[in-house]
Amino acid sequence: MRLRDGRALCGIAVIAAVALAALAAPLVTSGNPNTQADIVATRFLPPLASDVHGGFHALGTDRFGRDVWTRLVYGARISLGVGLLAVLISVAIGTTVGAAAGYLRGWLSTALLAFTDFALALPRVVLLLLLSALWRPSAALVVVVLGVTGWMPIARLVHGEVRGLAVQPFVEGARAVGASRARILWRHILPNALTPVIVAAALGVGNAILLEAGLSYLGVGVQPPTASWGSMIASGRDTLVNAPWVATAPGLALVLVVVACTLLGDALRDALDPGAGAARR
Amino acid sequence: MLRSLKQRALAGLAVVAGVVTLTFLLLHAAPGDPAERLLGPTATTEQVAALRHALELDRPLPVQYASWLGRFVRGDWGTSIATGRPVWTMLRTAWPATARLVALSLLLSYALGLLVGTIQAARSRSRLDTALSVASVTLFALPGYWLGLMLMMLLTYWLRLLPAFGAAGMDADFLTGWPWVADQLRHLALPLLTLTVIGVGGTARFARGAMLDVLAQPFVAVARAKGVSETRVLSRHVLRNALSPMLTLLGLSLPALFSGAVFVEAVFAWPGVGRIMVEAVQSRDYPVVMAATAVSAVLVVAGNLLADLLAAWADPRVRGAAREA
């Protein structure tokens, strides 16, 4: 990929900055994101305010007197982590199903494709709500739920790629020199089929982060007091009139990261797959 | 064509059956019993058992499933456990609110998105294109519930222009004529604006991509070589061909008319299907969740079919390919 691509640079810079801040959370923030230090004196402090104990609050405090910046940075761990892991699960399932359906022939291939179509027809939000209701809501559950409900488009992509690659001369060549079917699929076909998957994954991370925040907003995702951008927006909803900064900050962070993922995905697609019109849809 | 339609309808029926069965199993596997939730913590074990018996929840799962399916197919969608109202009535009264909201937002976001995408494709790789691209990516990335809150903060709490909750004012029943229309529009404004702003981002991105794909085709070069003006190339040659994928996308939006605004409805207390679904899942209102899921699944299948039919209608090549297949 050309590094001159402004979109890629912007996307990588934003994601790297947020990821670094999340990893180094104890260094860039002061204290625990969940402590309610002095609930009387530090409640609803506006951005750039100092409390009576000398603590500085760049983004203000919420109704429990918790520092919004600290919660935002710790929340980034949840948002980025959930987004990345969920997409990893989707990519693993989607690539396996898609490669098997594309390379195998006969009833198994048909069955896998039919299963993918079936899963695509499931109403995702209802499914997410139901699955989240099944167990006690937690970040791990959100990862699994988002992962197992997001693999279908990737399976479709991989299936199409593998189908096309399986009839290429180099595959025939590999078969002629006696490579096993598994080896051909693993060493020769899959590496060539992964380009659209990388693009879909970059775009998928943004989507997964949005859905995680949505679930947490509805109260079936990451549970309080753990800081997550979605649950922060939800808790700021009730104090929108007197403390708008509580809901504004996590929303802006969310938009920034999702835009960065989308820009990176777009740039990757243009760089890796210049002719791909179909992948654009 | 007819034969493949019949096959697809059968496959669609199988998908709907599968979705409904899976939902039934998940719903009954979920912890939390509707009877317990309805009666609250002070209910005795006997009372819970009596209500479970009355709701037929103490029968074996396969029996419950078969009896639900039999009644559903005959049009008896049951009674909501939480509200006691017939499910059919609940969904029928909530549906127009969702459909009105989503249909208008789809219409607006397609019109605006197509316009923005066309401008971008016409001025591809210019500063304007880049600016509009960044704008559409940003709009597309906005979470509906957050944008809703921000617009509410701005237009309701600060500027005091628009109401933030519900589909009608407290006095709506006493209004007639223009005041009634104005009241409806004022309540519609915020949720519609939220959905449309996000929708425009997506459709503009899609429209730009579709237009650029067509612009790269040889026949566009031929048209230009013949001396056809650029406006005419765009409007007559490119836009028409780019509409085909846009129509596919529109067909796929059919299920959204029923359940496409879950988050936005939650923010604005909009009395639509999305809100009913969230509440029903939370209170384990089995009949409501089952009926809503079944309708959603039917609409997904119908939407896929509609997308293909629209594509075939808009593009003779697709029709030909279907005939050969």
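Which residues in helix 4 of chain A meet which residues in helix 7 of chain A? The first legend answers this for the predicted model.

**View 1. Helix 4 of chain A against helix 7 of chain A.** L113(A), T116(A), A119(A) and L120(A) of helix 4 meet M152(A), A155(A), R156(A) and H159(A) of helix 7; contact is scored when C-beta atoms, placed from the backbone, lie within 7 Å. By class, this contact has 5 nonpolar, 2 polar and 1 charged residues (nonpolar: Ala, Val, Leu, Ile, Met, Phe, Trp, Tyr, Cys and Pro; charged: Asp, Glu, Lys and Arg; polar: the others, Gly among them). Helix 4 covers residues 107–121 and helix 7 residues 152–165, and their axes come within 9 Å and cross at roughly 145°. Axes are lines fitted to C-alpha atoms over the stretch in contact, with angles from 0 to 180 degrees between N-to-C directions. Helices are DSSP runs (H or I, at least four residues) and strands likewise (E, at least two), numbered from the N terminus.

**View 2. Helix 3 of chain A and the largest nonpolar core.** The core has 166 residues, and I233(A) and A297(B) have the most contacts inside it. Such a core is a set of buried Ala, Val, Leu, Ile, Met, Phe, Trp, Tyr and Cys residues joined through C-beta atoms within 7 Å. Helix 3 (residues 68–103) gives the largest share, 17 residues. Of the 36 residues of helix 3, 28 are buried (buried: 20 or more other C-beta atoms within 10 Å; exposed: 12 or fewer; partly exposed: in between). Helix 3 reaches 51 Å from its first C-alpha to its last, close to the 52 Å expected at 1.5 Å a residue, the expected span being 1.5 Å times one less than the number of residues.

**View 3. Surroundings of A297(B).** Leaving out residues up to four places away in sequence, A297(B) touches A121(A) and P123(A) of chain A, and V15(B), V16(B), V19(B) and V20(B) of chain B.

**View 4. The contact between chain A and chain B.** Chain B supplies 36 residues and chain A 34 residues. Elements giving two or more residues on the chain B side include helix 1 (2–29), helix 8 (177–215) and helix 14 (286–314) of chain B. That side has 28 nonpolar, 7 polar and 1 charged residues.

**View 5. E172(A) in helix 8 of chain A.** E172(A) is exposed because 11 other C-beta atoms lie within 10 Å. Its C-alpha atom is separated by 32 Å from that of A202(A), 30 residues apart along the chain.

Residues are numbered from 1 along each chain as its sequence is written, and chains are lettered from A and ligands numbered from 1 in the order in which they are written. In this predicted model, local features need pLDDT of at least 70 and side-chain atom pairs count only at pLDDT 80 or more, while totals for chains, interfaces and linings use all residues.

Terms used
Contact = placed C-beta atoms within 7 Å.
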